[in-house]
Amino acid sequence: MLVEMMFGAMAVTKLLLWVLQQLILNVRVVGDELDEDTRDRMQHRAEQLSREMAWLLQELEQQKSQELRSKEQNPVAWRALLFAALQHWQFWAIAGILLLLILGLCWCLRCEFVTDLVNTFILVAEQVSSDGSFPVLRPCFGIGCAHEGWSPYEEDIIYSLLVPLAPPSGHAFLPELCNPGETPERNFRIRVQLECTCATEQLGGGTLCFLHHDEEALRRNQGPSLLHSLCTGCYLDVGKTVRRFHQLVKACWVVLPHSHRWRLTMLACSRSCKFKVATAEEEITIEITLGVQQGDSDIFMSSQASEAIFTPSTTWTLSCAVAEAKFFELTARQAPDGSFHLRCLQLCARILVGTGFSSYTLKTVVMHLLNTTPLSGWHRTRFLLRLDDIMRYLCRCVEEKRLDHFFFGNEKIPQEIALPPALQRAQPFNLFQHLAQDPDAQAEAMREFMDMQDCLTRMLTYGH
Ligand SMILES: [Zn+2]
């Protein structure tokens, strides 16, 4: 029976391998629409995943031959039972990991497509809105779990991007704190100020100076300034900016090369731009957050809502999403082949679904651990040890009612990630503040943690 089960396992893994090969072929097909660099990156990632898969298959083969040898040497029933139990969890764990690898590759392929689509849109939008009535759009950043290569869900994934906004000609963006003295500094307003562009105008470039031409001349030659179209008072308004961006996506879609194959459906969303693109076979949901960069750093003041019940439309909230994506890219570059840090995160994220813990909590735990554990320690052979580390770390945080935000006042942030001085100097910020303030919430969190631990054991043993 055991041998039959192992042959069943081999059939499943061979099927998974076939799916992976189809996906690798797909890199070439989808790749026709992409530039050479992007295609090379995708191909490299596909090959890396293929190698990880080959190792796992090799391990299954070795287990199978070991089991056959032991059966020949020692046909005692209890020994076979012991092996059966052992093989059982190893099979499910390996089959589960193979599935995660395939999902990871699907996300990787789609993310490259999504980034390409949005960057092409940005190029077109620049031509349509170059009169100073809309911020200048910079190339987008992939953010969030799908871009980083993990997700709590297998379906209904939303591909998130951040599009940086820069002031157009004749304007300056001057960020201000919404509540001076607030710690940490997380809510901003962006004051828009007109600047004289007479000098560049005389050189024959750019738009008419908004400060020194009369309204009639400005109306005849160009649209209203951004200050008069997208602001409330003198502050850049999130709602107005997002609505205008939404209209731009709709208007530019028909000239994008992607519109030949894909159908666009705009979705309602007040603080970000959300839409679906679909063919007869597949559908991709994309969410674009707008953001103004803090100096030259990887931190943005974004259009996303704050945690407060009501976020005023002139409030732009601090976003570390680009810095987080950069941290995961950096980790992937530095980690040796066969690193399973994303698989650990993926597996733990799945057991969080439906609990009071957010996937951001788990991501923060894993970022702290990645930053303090040597990357060689995340090799696939130490997969279970690292899962254990993650669960212990989370347990300690619940007990101590304290989980520090990864970026606030953390002296161990890799120097490749640029943080604004205020964030470097900031006091650590406790993401578990609510547990510290409410003993009932802490007791509930501990109960949920125990359930999650049981769920993880079940998943590793039975695969569901
Ligand atoms: Zn002027």
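Q: In which kind of crossing, left-handed or right-handed, does α10 pass α12?
A: This is a predicted model, in which local features need pLDDT of at least 70 and side-chain atom pairs count only at pLDDT 80 or more, while totals for chains, interfaces and linings use all residues. Residues are numbered from 1 along each chain as its sequence is written. A crossing is right-handed if the near helix is turned clockwise from the far one by less than a right angle, and left-handed if anticlockwise. The way α10 passes α12 is right-handed.

Q: Which residues of α12 make the contact with α10?
A: Residues are in contact if their C-beta atoms, placed from the backbone, lie within 7 Å. Helix α10 contributes Arg 343, Cys 344, Leu 347 and Cys 348. From α12 come Phe 383, Arg 386, Leu 387 and Ile 390.

Q: How many charged residues does the contact of α10 with α12 have?
A: Asp, Glu, Lys and Arg count as charged; Ala, Val, Leu, Ile, Met, Phe, Trp, Tyr, Cys and Pro as nonpolar; the others, Gly among them, as polar. In the contact of α10 with α12, six residues are nonpolar and none is polar. The number of charged residues is two.

Q: In which helix does the buried residue Phe 328 lie?
A: A residue is buried with 20 or more other C-beta atoms (placed from the backbone) within 10 Å of its own, exposed with 12 or fewer, and partly exposed in between. Phe 328 has 21 C-beta neighbours inside 10 Å and therefore counts as buried. This residue belongs to residues 321–334, helix α9.

Q: How far apart are the C-alpha atoms of Phe 328 and Leu 370?
A: Along the chain, Phe 328 and Leu 370 are 42 residues apart. In space, their C-alpha atoms are separated by 9.4 Å.

Q: Does Lys 401 count as buried or partly exposed?
A: Lys 401 is found in the loop between α12 and α13 (421–425). Although not a glycine, Lys 401 has a positive phi of about 55°. There are 18 C-beta neighbours inside 10 Å of Lys 401, so this residue counts as partly exposed.

Q: Which residue in β10 stands opposite Val 163?
A: Strands pair if DSSP finds at least two bridges between them. Seven bridges join β3 (residues 158–166) to β10 (residues 283–293), and these two strands run parallel. Opposite Val 163 in β10 stands Leu 290.

Q: Which residue in β3 stands opposite Gly 142?
A: Strand β2 (residues 141–143) is joined to β3 by three bridges, and the two run antiparallel. Opposite Gly 142 in β3 is Leu 161.

Terms used: Helix = DSSP H or I, 4+ residues; strand = E, 2+ residues; numbered from the N terminus. Contact = placed C-beta atoms within 7 Å.
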